[in-house]
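Let's walk through this model together, from its sheets and helices to the way its domains meet. Have the viewer ready, and follow along strand by strand.

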Amino acid sequence: MNAAPSLRLAGRARIDGTAVFGPVALDVPGGRWTCLLGPSGVGKSTLLRLLAGLGDEVAFEGEIAAGDGAPLDGRMALMAQSDLLMPWLDIGANVALGARLRGEAHPHDRARAVLTRVGLADHLGKRPNTLSGGQRQRVALARTLMEDRAIVLLDEPFSALDARSRARMQDLAAELLAGRTVLHVTHDTAEAARMGHQVLLMTRDGIASASPPDAAPPRPYDAPETLAFQGQLLRRLMEAQ
C-alpha cells in the first residue's frame, strides 16, 4: 500500500434536479479515521458514493481530489452496510472477488493470510450461509483488506450487528485499517465517539467538526470521556436541521 493521502470533496449535488446536499466542504486527513454523522436524508451516503465513483445518477458540481494530486481511481475500497457476499462462492472466493472480477489469478495464499488476520482461516471453504452475522462482516472486512487500498470508505458496515459483535468489529477494523485514510459514515454516536480521530456532523447547513477526546481510537466504550463525547454528539444531532 502506498502512503495514504488526504481526501477532499467540496461542492453541491442534485438528483433529477432536486438538491441532495451543498454547498459542503469535506476534508479527510491522510492516514486517519474520520467519522461522518448526520440525520437521515442530508446526503451522507450520496457523498460516499461520489467519492467511490458510484454516483452516476448524481449531478455534482465541485471538486473531488486527493491531497497528493494523484488520481483517486484504483486507490479506494468500499465496505457497505450489507456484507454483499456471493452465496454461491465459498469464503476464500468471496474474499478474492475483486481479483476475479478483474480477471486476475486467484490469490489463494493471500486470501488465506487475510482470513487468518480476521480469525476466519478455518472457514476458508465454507459458504456464507453457514456463518454468523459477525463472521460475515469479518469476511467483508477481509475482502476490503484484500484490495489493499490507501483510502477506505465505510458505509455503516457494523450497524446490523449486536452490540458485542459491533464493538469487536470496531476494534478489529481499527487495528487492521491503521495507517489508511478512512471515511466512516455512521448514525451511531457511540461508534463515532469510539472510532474517530476526526468527527464531523453533516446537516442541511453543511459540515461541522466536533472535538473528540484526546485518547487514541478505539476508545474505551465506558470511559467517562467517551460517554461525555457521545452525549455531546447526540445533543448536536437532536438540534440539527
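## Sheets, domains and salt bridges

G11 has V24 as its bridge partner in β2. On β4, G62 stands opposite G11. A word on the source before going further: this is a predicted model, in which local features need pLDDT of at least 70 and side-chain atom pairs count only at pLDDT 80 or more, while totals for chains, interfaces and linings use all residues. Residues are numbered from 1 along each chain as its sequence is written, and side-chain values use heavy atoms, with hydrogens and water left out.

Strands here are DSSP runs of E with at least two residues, helices are runs of H or I with at least four, and both are numbered from the N terminus. Two strands count as paired if DSSP finds at least two bridges between them. In general, strands of a sheet pair through backbone hydrogen bonds, either parallel or antiparallel.

The sheet that holds G11 and its partners is open, with 3 strands in the order β2-β1-β4 and antiparallel pairing. At its edges stand β2 (18–28) and β4 (59–66), each with a single partner strand, so one side of each is left without a neighbour in the sheet. From one strand to the next, the twist averages 5°; axes are lines fitted to C-alpha atoms, for helices over the stretch in contact, and angles run from 0 to 180 degrees between N-to-C directions. Helix α1 (residues 44–52) packs on this sheet and touches β1, β2 and β4, with its direction making about 65° with that of β2. Contact means heavy atoms within 4.5 Å. The hairpin of β1 and β2 has 2 residues between the strands, and D16 there takes a positive phi near 55°.

An open sheet of 6 strands follows the order β5-β6-β7-β3-β8-β9, and its pairing is mixed. Its edge strands, β5 (76–79) and β9 (206–210), each pair on one side only. Neighbouring strands in it are turned by 20° against each other on average, direction ignored. M76 has I151 as its bridge partner in β6. Helix α5 (residues 133–147) lies across β5 and β6 and runs at about 175° to β5.

Here are three of the strand pairs side by side.

| Pair | Sense | Bridges |
|---|---|---|
| β1 and β2 | antiparallel | 8 bridges |
| β1 (residues 7–15) and β4 | antiparallel | 8 bridges |
| β5 and β6 (residues 151–155) | parallel | 4 bridges |

Now for the domains. The assignment gives domain 1 (1–75 + 150–241) and domain 2 (85–148), with bounds that come from an automatic or database domain assignment. Their centres, taken over C-alpha atoms, are 25 Å apart. The contact takes 12 residues from domain 1 and 10 residues from domain 2. Together the two bury about 940 Å², 69% of it on carbon and sulfur atoms; buried area is the accessible area (1.4 Å probe) lost on putting two parts together, summed over both.

How many salt bridges (a side-chain nitrogen of Lys or Arg within 4 Å of a carboxyl oxygen of Asp or Glu) cross the interface of domain 1 and domain 2? The rule finds 1 there. Helix α6 (residues 163–176) gives the most to the side of domain 1 that touches domain 2, with 4 residues.

The salt-bridge count comes to 9 by this rule. One of the pairs is R136 with D83, whose closest N and O atoms are 2.8 Å apart. R136 lies in helix α5 and D83 in the loop between β5 and α2 (91–95), so the pair ties together parts that are 53 residues apart in sequence.
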